Amino acid sequence: CDNMCSFCVVPYTRGRERSRDSHSIVNEAAELFNNGYREVTLLGQNVDSYKWENEITGEKVNFAELLEKVALLNPELRVRFSTSHPKDITDEVLYTMSKHENICNYIHLPAQSGNTRVLEIMNRTYTRDWYMERVDAIRRILGDECGISSDMIAGFCTETEEEHQDTISLMDYVKYDFSYMFMYSERPGTYAAKKFKDDIPEAIKKRRLQEIIQKQKELSWQRNQLDLNKIHKVLIEGISKKSEEQLQGRNSANKVIVFPRESFKPGQYVNVLVTDCTSATLIGRAVEEQEITI
């Protein structure tokens, strides 16, 4: 990773950013599909900063182009990617997603904080307004159905109560489908550990984290309610955790959907009408594509 977020140890443990030969990635994805796999994930600390160049031929491939190359292998191959750094995700990537049904309509876009001053001392290299503009672009190009998730840190060094409330208000603005939420803990060797005092009392960190978690539960419930009475294309992953008679899979927006097993098998695509939900899971039944009512 070439970013040096002040709280993060990754650059010290994994070194500088490297982009694999695009041909090797496409060939690997093709081999996986031919061997029966139906979903691949293009994975990197900051996938949108992918940039590969052949020093001999001069061929250059950016992330949007790589994404399209993999998507064009076969329409039955689902393509996901993670993680997108807010400073790097481009409209070109979003328009590429909109062109291909098999590129999943989901973006993990870690905010970490909703306050510009805190983002600055985190060295995130973007502002609250920049982040919100990127979310606006996602909604404009991909629509409200696109799933967005985030990472949030509660109680970073010097964070005030008002700045914490900025994180809550950003969550309300974006309406995340889900988030990974943490209480700040110092990592030895990081810039924050060397330069900043971990000065937020643990009780306050815990309370702020709980408020973030509660807000996300509310937002996840709201977002899942929008999926009721809609048909979703689900790639079956396996047996539900709670019942041998139920299968589970994910829709394009990365939401888990549970439905009766019937004669379906993992690796198949099935259309599922969502009839109920919790804040974490969609519940439904398999239907023919033309069926639109319960």
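Student: Which residue stands opposite His232 in β11?

Tutor: In this predicted model, Val272 is the one across from His232.

Student: What makes β8 and β11 a pair?

Tutor: Pairing takes at least two bridges between the strands. Strand β8 (residues 231-239) and strand β11 (residues 269-277) have five bridges, in the antiparallel sense, so they count as paired.

Student: And where do those two strands sit in the barrel order?

Tutor: The barrel closes from five strands in the order β8-β9-β10-β12-β11, with mixed pairing. Neighbouring strands of this sheet are turned by 50° against each other on average, ignoring direction.

Student: Switching to cysteines, how many disulfides does the structure hold?

Tutor: Zero. Take Cys5: the nearest cysteine sulfur belongs to Cys8 and is 6.0 Å away. A disulfide needs the two sulfurs within 2.5 Å, so Cys5 is in none.

Student: Why is Cys5 called buried?

Tutor: Buried means under 20% relative accessible area. Cys5 has 11%, so it counts as buried.

Student: How do you know whether Cys104 is buried or exposed?

Tutor: Same test: the cut-off for buried is under 20%, and Cys104 comes in at 3%, so the verdict is buried. Cys104 is in no disulfide either, with its nearest cysteine sulfur, that of Cys146, 10 Å away.

Student: Why does Met4 count as partly exposed?

Tutor: Partly exposed lies between the 20% and 50% cut-offs. Met4 has 39% relative accessibility, so that is its class. Met4 is in the segment before α1 (10-14), and forms a nonpolar surface patch with Tyr12 and Tyr191, about 320 Å² of accessible area together.

Notes:
Residues are numbered from 1 along each chain as its sequence is written. This is a predicted model: local features need pLDDT of at least 70, side-chain atom pairs count only at pLDDT 80 or more; totals for chains, interfaces and linings use all residues. Side-chain values use heavy atoms; hydrogens and water are left out. Buried means under 20% relative accessible area, exposed over 50%, partly exposed in between (1.4 Å probe, protein chains only). Helices (H or I, at least four residues) and strands (E, at least two) are DSSP runs, numbered from the N terminus. Axes are lines fitted to C-alpha atoms, for helices over the stretch in contact, and angles run from 0 to 180 degrees between N-to-C directions. Patches are made of residues with over 30% relative accessible area and no salt bridge: like charges are joined within 9 Å, nonpolar side chains (Val, Leu, Ile, Met, Phe, Trp, Tyr) within 5 Å. Accessible areas come from the Shrake-Rupley method with a 1.4 Å probe; for residues, only the protein chains shown count as cover. A salt bridge is a side-chain nitrogen of Lys or Arg within 4 Å of a carboxyl oxygen of Asp or Glu.
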